[in-house]
Structures are given as structure tokens and as C-alpha cells.
Amino acid sequence: MEYFTLSNGNKMPMAGIGVFMMSPAEAEASVESALKSGVRLIDTANGYMNESGTGRGIKKSGVAREEIFLVTKLWPTVYEKETAIDESLARLGTDYIDLLFLHQPTDNWREGYKNIEKAYKEGKVKAIGLSNFPEDLLQEAIDTMEIKPHVVQVEAHPYFSQTALKTILAETGMGLMAWYPLGHGDKNLINEPVFTKLAAKYGKSNAQIILRWHVQSGNVVIPGSKNPAHIRDNFDIFDFALTDEEMAEIAKVDKGVRYYNGTPEMIAAYKTMELGPDL
């Protein structure tokens, strides 16, 4: 495993599993399988409504809690709720979260950030993150918040490599966690000739080449899967390295293409979008 060292000295694994769009039972099974396969980074969220299943998967795996880097996110409807973090802790069955994100940049994000800062000081949260925040709000958090954010989570993949954002991150020491690391499963991206060529050279799949590109670019990746074999394959990217020339060749496929574009109206709606049960 390779690690990214956060600005506060904590170390985060460069690869893990995300449980977006999984039911609680599916998240439980995937997390258990991933941990038993050696994965040590788990990413969930209030908004996924599977924190309880994630917690059960951790418990069933038998892996010690201190070996796991556990990530979750607060949904905008609970940013201002003083008990929201304790409720996430209860659902996850733990007394601390390694990295806690604000999930969306709604207009009450500053209040939510202050609640995470309080939990950070109390030891309930070990690192603070911002998910889906545009560069101007990210810069505001860096400039104005008492505890600077440690990680930003955004869409990133070879078609959208986040070059401009990485300039900000390089100046602050923040980490980048990539969602949709395989481009939302876009076969056009996965089957780009450069990935097919490199997969043949290294005896890997096209997806493994893309995930390796992420890691060498400094991105933490959290591909989701419910298939134990796929989970193992997504993690099997640490026994080879791409050359500088190959990294430069991959950089040429960047098309500036996103798969998710949150409109202002959509983001505003998140503030009132109540979540369903987390069973």
C-alpha cells in the first residue's frame, strides 16, 4: 500500500472502496469483503443511507478499528445539527471518524464546518474534508476557517484530471480523493488505446492501469464494487509503476469532460432534501 500524508501528519491509504449507491446490506457485504482482502480505506456518507451497514461490515471483518481509515460525509440537512456527528458515529459503531467531509457546498456549509472543527478538537474527527466544493469556496475555507481542510473530494479521472484544482492543493498540502475514478464506467474512457496498450505491457486490466495512473498522480481512489473479485482487482495496483513517458501519454486523453454537473438549483435543493432510513 502507498499513503498520502495529510497536513496534520495523519496517513491516508491511496486506495480503498466507496459504497455509493449500495443498500445497507450490500455495503455491509462489500466492506467486509474489502477489509478481508486487505483494503483499509472505506468511504461512505449520510447521503448514501448505508452508514449502519458499513459499520456492520467493519465489525464482521474482524479487522481492528485502528487499522482502518474510515471516511463519511455530512448531508446539508444536518450541517447545523449539533448531534449529527454523534449520530453518524453511532450508526458506524465507532467513537471517531478518520476523515469527515461536508458533502455539498450549500449556503449553510460554514455552520457545518464549524461543527466539524468542534468535533476535530474533541477527537471525534481526525481530519476535515470538503466534497464537491468549487475552487472559490475551497479557497474561502482555506483563508477563513480556523482549521484548514485536509482533503477535497471531487470527480477526477483521465478525461477530467482537475489540473487547475491541483495547483491550489499543491500550495496548501491538501489531498485529492477522486470519485468516479473510472469515469462512471464509461467504456470509451476505459478502452482508450493507451490503456489497452499499457494493460498488455503490464499484465493488468485497463481499469487497473487507470487506477495506477490516479495513484501516481497523487489521487486517492475509492472505486465501488459489490463483486469480491473486482474489489481485489481494484486494489491490486501496487506491484508496478508507470513510467514518466507513460504518464505523459495518458495526460493527453484529458478532454475536460465531467459526468456530473451540479447546477446551482440542484445544490440549493440539497439543503432541504431529507434522507431516508439508514437500516
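Two strands pair if DSSP finds at least two bridges between them. The legends below describe close-up views of a predicted model.

**View 1. Strand 5 between strand 4 and strand 6.**
Strand 4 (41-43) and strand 5 (residues 69-74) run parallel and are joined over three bridges. Within this pairing, Asp43 has Val71 of strand 5 as its bridge partner. The unit made of strand 4, helix 2 and strand 5 is a right-handed β-α-β unit. Strand 5 also pairs with strand 6, again in the parallel sense, over four bridges. Here Lys73 is placed opposite Phe101 of strand 6. Between these two strands the chain passes through helix 3 (residues 84-92), and the β-α-β crossover is right-handed. Six of the six residues of strand 5 are buried. Phe69, Val71 and Lys73 make up one buried side, while Leu70, Thr72 and Leu74 make up the other.

**View 2. Strand 7 between strand 6 and strand 8.**
Strand 6 (residues 99-102) pairs with strand 7 in the parallel sense, with three bridges. Opposite Leu102 stands Leu130 of strand 7. The connection from strand 6 to strand 7 goes through helix 4 (residues 109-122) and forms a right-handed β-α-β crossover. On the other pairing, strand 7 and strand 8 (residues 151-155) are parallel and share three bridges. Ser131 has Gln153 of strand 8 as its bridge partner. Strand 7, helix 5 (residues 135-144) and strand 8 form a β-α-β unit that is right-handed. Strand 7 (residues 128-131) is covered on both faces: Ile128 and Leu130 are buried on one side, Gly129 and Ser131 on the other.

**View 3. Helix 1 and its surroundings.**
Helix 1 (residues 24-36) has 13 residues, which at 1.5 Å a residue should span 18 Å; the end C-alpha atoms are 18 Å apart, so the expected and modelled spans agree. The buried residues of this helix are Pro24, Ala27, Glu28, Ser30, Val31, Glu32, Ser33, Ala34 and Leu35. Among the elements that cover them are strand 3 (17-18), strand 4, helix 2 (51-61) and helix 10 (228-235). Gly38, just after helix 1, has a positive phi of about 105 degrees.

**View 4. The edge-to-face pair of Trp179 and Tyr260.**
The description of a pair of aromatic rings uses the distance of the centres and the angle of the planes. The model has eight aromatic pairs. In one of them, the ring centres of Trp179 and Tyr260 are 5.7 Å apart and the planes are at 70 degrees, so the pair is edge-to-face; the cut-off for that class is over 60 degrees. Trp179 belongs to strand 9 (residues 175-179) and Tyr260 to the loop between helix 11 (244-251) and helix 12 (264-270), so the contact ties together parts 81 residues apart in sequence. Trp179 has a relative accessible area of 16% and is buried. Tyr260, with 22%, is partly exposed.

**View 5. The edge-to-face pair of Phe235 and Phe238.**
For Phe235 and Phe238 the ring centres are 5.9 Å apart and the planes are at 70 degrees, so this pair is edge-to-face. Phe235 counts as buried at 17% relative accessibility. Phe238 counts as partly exposed at 21%. The limit that separates the two classes is 20% relative accessible area.

**View 6. An aromatic cluster, and charges over Tyr96.**
Trp109, Tyr113 and Phe133 make up one aromatic cluster. Tyr96 has the side chain of Arg65 over its face, at 4.0 Å from the ring centre. The charged end of Lys126 also sits over the ring of Tyr96, 5.3 Å from its centre.

**View 7. Positive phi at Asn132 and His184.**
Asn132 has a phi near 70 degrees, a positive value in a residue other than glycine. Asn132 is located in the loop between strand 7 and helix 5, and at 17% relative accessibility Asn132 counts as buried. His184, also not a glycine, has a positive phi of about 55 degrees. The loop that holds His184 lies between strand 9 and helix 7 (187-190).

Conventions:
Residues are numbered from 1 along each chain as its sequence is written. This is a predicted model: local features need pLDDT of at least 70, side-chain atom pairs count only at pLDDT 80 or more; totals for chains, interfaces and linings use all residues. Side-chain values use heavy atoms; hydrogens and water are left out. Buried means under 20% relative accessible area, exposed over 50%, partly exposed in between (1.4 Å probe, protein chains only). A crossover is right-handed if, with the strands pointing away from the viewer, the path from the first strand over the helix to the second runs clockwise. Rings of Phe, Tyr and Trp (its six-membered ring) pair if their centres lie within 6.5 Å; planes under 30 degrees apart count as stacked, over 60 as edge-to-face and the rest as tilted. A charge sits over a ring if NZ of Lys or CZ of Arg is within 6 Å of the ring centre and within 35 degrees of the ring normal. The expected span of a helix is 1.5 Å times one less than its number of residues. Contact means heavy atoms within 4.5 Å.
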